[in-house]
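Q: I'm new to looking at protein models, and I'd like a close look at one part of this one. Could you take me through its nonpolar core and the residues around it?

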Amino acid sequence: MVVIRLSRGGAKARPFYNIVVADKRNRRDGRFIERIGFYNPLAKGGEEPLRIAQDRLTYWTGVGAQPSETVARLIKQAAAKAAA
């Protein structure tokens, strides 16, 4: 099964997440198929906290990839920000 989930990066106490498409059997930070965005929970000032490539997200959900609960929440957040 293919999932869309977060892969953690950054330093200790300074998280940075890549939004990746991966096989569910692979580790969280292991091999992935494609990176489709990022999430920076500690973004300050002019930094961009969230970016998702909508065209790639639409493609992967169209072929059956399931987003994790957190990624689904971030997708809603990005859609609300785009509509505003």
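A: Here is a walk through the nonpolar core, starting with the chain as a whole and ending with a few residues in strands, loops and helices. Keep in mind that this is a predicted model.

Let's get our bearings before zooming in. The chain has 2 helices and 5 strands. If you trace it from the N terminus, the elements come in the order β-β-β-β-α-β-α. A compact globule with 84 residues would have a radius of gyration near 12 Å, and this chain has 13 Å, so the two agree. Along the principal axes, the C-alpha atoms fill a box of roughly 40 × 35 × 20 Å. Of the 84 residues, 31% are buried. The accessible surface adds up to about 5700 Å², and carbon and sulfur atoms hold 53% of that. Among contacts with a separation of 6 or more, 33% are between residues 24 or more positions apart.

Now for the core itself. In soluble globular proteins, nonpolar side chains tend to be buried together. Here, the largest nonpolar core has 15 residues, and I4, I19, I36, L50 and I52 are the ones with the most contacts inside it. Who supplies them? At least two residues each come from β1 (2-11), β2 (14-23), β3 (34-39), β4 (50-52), α1 (54-62) and α2 (69-83). Helix α2 gives the largest share, with 4 residues.

Take I52 as a way in. Setting aside residues up to four places away in sequence, I52 touches I19, I36, G37, L57, L74, I75 and A78. One of those partners, L74, is worth a stop. You'll find L74 in helix α2, and its relative accessible area is 0%, so it counts as buried. Leaving out residues up to four places away in sequence, L74 touches L6, Y39, L50 and I52. Look at L50 in that list: L74 and L50 are 24 residues apart along the chain, yet their C-alpha atoms are separated by 8.1 Å.

L74 also touches Y39, and that brings us to the aromatic rings. The structure holds 3 aromatic pairs. In one of them, the rings of Y17 and Y39 have centres 6.2 Å apart and planes at 20 degrees; planes under 30 degrees apart count as stacked, so this pair is stacked. The pair ties together distant parts of the chain, as Y17 is in strand β2, Y39 is in strand β3, and their positions lie 22 residues apart in the count. Are these two tyrosines buried or exposed? Buried means under 20% relative accessible area. Y39 has 17%, so it is buried, while Y17 has 21%, so it counts as partly exposed.

Y17 has other partners too. Ignoring neighbours within four places in sequence, Y17 is in contact with L6, S7, R8, F38, Y39 and P41. As for I4, which is 13 residues from Y17 along the chain, the C-alpha atoms of the two are separated by 12 Å.

A second aromatic pair is Y59 with W60, and this one is edge-to-face: 5.2 Å centre to centre, with 75 degrees between the planes. Again the two partners get separate labels. Y59 has a relative accessible area of 40%, so it is partly exposed, and W60 has 12%, so it counts as buried.

Next, a couple of loop residues. N40 sits in the loop between β3 and β4. Its relative accessible area is 14%, so N40 is buried. The side chain of N40 makes a polar contact with the side chain of E47, at 3.4 Å. Not counting residues up to four places away in sequence, N40 touches P15, F16, E47, E48 and P49.

The other loop residue is A13, found between β1 and β2. Most residues other than glycine have a negative phi. A13 is not a glycine, but it has a positive phi of about 65 degrees. With a relative accessible area of 64%, A13 is exposed.

So what should you look for on screen? Start with I52 and its contacts, including I19, I36 and L74. From L74, step across to Y39, and then to the ring of Y17 stacked with it. Finish at the loops, with buried N40 and exposed A13.

Terms used
Residues are numbered from 1 along each chain as its sequence is written. This is a predicted model: local features need pLDDT of at least 70, side-chain atom pairs count only at pLDDT 80 or more; totals for chains, interfaces and linings use all residues. Side-chain values use heavy atoms; hydrogens and water are left out. A nonpolar core is a set of buried Ala, Val, Leu, Ile, Met, Phe, Trp, Tyr and Cys residues joined through side-chain atoms within 4.5 Å. Buried means under 20% relative accessible area, exposed over 50%, partly exposed in between (1.4 Å probe, protein chains only). Contact means heavy atoms within 4.5 Å. Rings of Phe, Tyr and Trp (its six-membered ring) pair if their centres lie within 6.5 Å; planes under 30 degrees apart count as stacked, over 60 as edge-to-face and the rest as tilted. The radius of gyration is taken over C-alpha atoms; the globule rule is 2.2 Å times the number of residues to the power 0.38. Accessible areas come from the Shrake-Rupley method with a 1.4 Å probe; for residues, only the protein chains shown count as cover. A polar contact is a pair of N or O atoms within 3.5 Å; within protein, one must be able to donate a hydrogen and the other to accept it, and residues adjacent in sequence count only if both atoms are side-chain atoms.
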